[in-house]
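Colleague: I've got this model open and would like a close look at one part of it. Could you pick a helix and walk me through how it sits among its neighbours?

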Amino acid sequence: MTHEPPPTPFDAMGGEAFFTTLVRRFYEGVAVDPVLTAMYPEEDLEPAERRLRLFLIQYWGGPGTYSEERGHPRLRMRHNPYVIDDDARDRWLAHMRAALDLALDEHHLDPSWEQELWRYLVGAAIAMVNHVPAEQPGIPVQDDVEETR
């Protein structure tokens, strides 16, 4: 008796078609957002769209094309040249949420996978933040830290 391995999250979410829709819809939002488009070195967002699609496909258990072409993801390192603050994170998440809702409607994704995918996307967006204004309440600036010694 041969046992089939359980489907990967990639398969359960609808495979490449789902991730293609998700990322295409996401970049439709990014294309009209001046804060986010300023972070893309290419005038054409197509290369960035392809990279994100391949990354998500690989992360969720699909083909490893992303790593074959680009090596280890190193997301924080790749995003470090750009100032990513709370506003950029929130804009990214708003466009991703809208894209996810559209992809869910089109592909009828199981709600449990939607929740798991959204948790991942929120965590990834939070992890990319690399700029906190010094005057943000509750976060001491260097001078305040030295005064408390």
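Modeller: Here is a walk around helix H8 and its surroundings, starting with the chain as a whole. Keep in mind that this is a predicted model. The chain comes out with nine helices and zero strands, so going from the N terminus you read α-α-α-α-α-α-α-α-α. Of its 149 residues, 34% are buried. If you take the contacts with a separation of 6 or more, 69% of them link residues 24 or more positions apart.

Now to H8 itself. This helix covers residues 111–128, 18 residues in total. From first C-alpha to last it reaches 26 Å, close to the 26 Å you'd expect at 1.5 Å a residue. Its buried residues are Glu114, Leu117, Trp118, Tyr120, Leu121, Ala124, Ala125 and Met128. They lie on the same side of H8, because the arc they cover around the axis is only 165°. The general background is helix geometry: with 3.6 residues a turn in an α-helix, residues three or four places apart point the same way. On the face turned away from that buried side, H8 carries the exposed residues Pro111 and Arg119.

What does the buried side lean on? The buried residues of H8 pack against helix H2 (15–30), helix H4 (46–59), H6 and H7.

Two of those partners, H2 and H4, also meet each other. Their axes come within 9 Å and cross at roughly 140°. That makes H2 oblique to H4, since only angles over 145 degrees count as roughly antiparallel. The crossing of the two is right-handed. From H2, the residues involved in the contact are Glu16, Phe19, Thr20, Leu22, Val23, Arg24, Phe26 and Tyr27. Facing them from H4 are Ala48, Glu49, Leu52, Arg53, Leu56 and Ile57.

The other two partners, H6 (75–79) and H7 (86–107), have a loop between them, and Pro81 is found there. Pro81 counts as exposed because its relative accessible area is 61%, and the cut-off for that label is over 50%. The C-alpha atom of Pro81 is separated by 8.9 Å from that of Met39, which is 42 residues away along the chain.

So, to pull H8 together: its buried residues sit on the same side, within an arc of only 165°, and they pack against H2, H4, H6 and H7. Pro111 and Arg119 are exposed on the face turned away.

Conventions. Residues are numbered from 1 along each chain as its sequence is written. This is a predicted model: local features need pLDDT of at least 70, side-chain atom pairs count only at pLDDT 80 or more; totals for chains, interfaces and linings use all residues. Side-chain values use heavy atoms; hydrogens and water are left out. Helices (H or I, at least four residues) and strands (E, at least two) are DSSP runs, numbered from the N terminus. Buried means under 20% relative accessible area, exposed over 50%, partly exposed in between (1.4 Å probe, protein chains only). The expected span of a helix is 1.5 Å times one less than its number of residues. The arc is that of the directions from the helix axis to the C-beta atoms. Contact means heavy atoms within 4.5 Å. Axes are lines fitted to C-alpha atoms, for helices over the stretch in contact, and angles run from 0 to 180 degrees between N-to-C directions. Angles under 35 degrees count as roughly parallel, over 145 as roughly antiparallel, 65 to 115 as roughly perpendicular and the rest as oblique. A crossing is left-handed if the near helix is turned anticlockwise from the far one by less than a right angle, and right-handed if clockwise.
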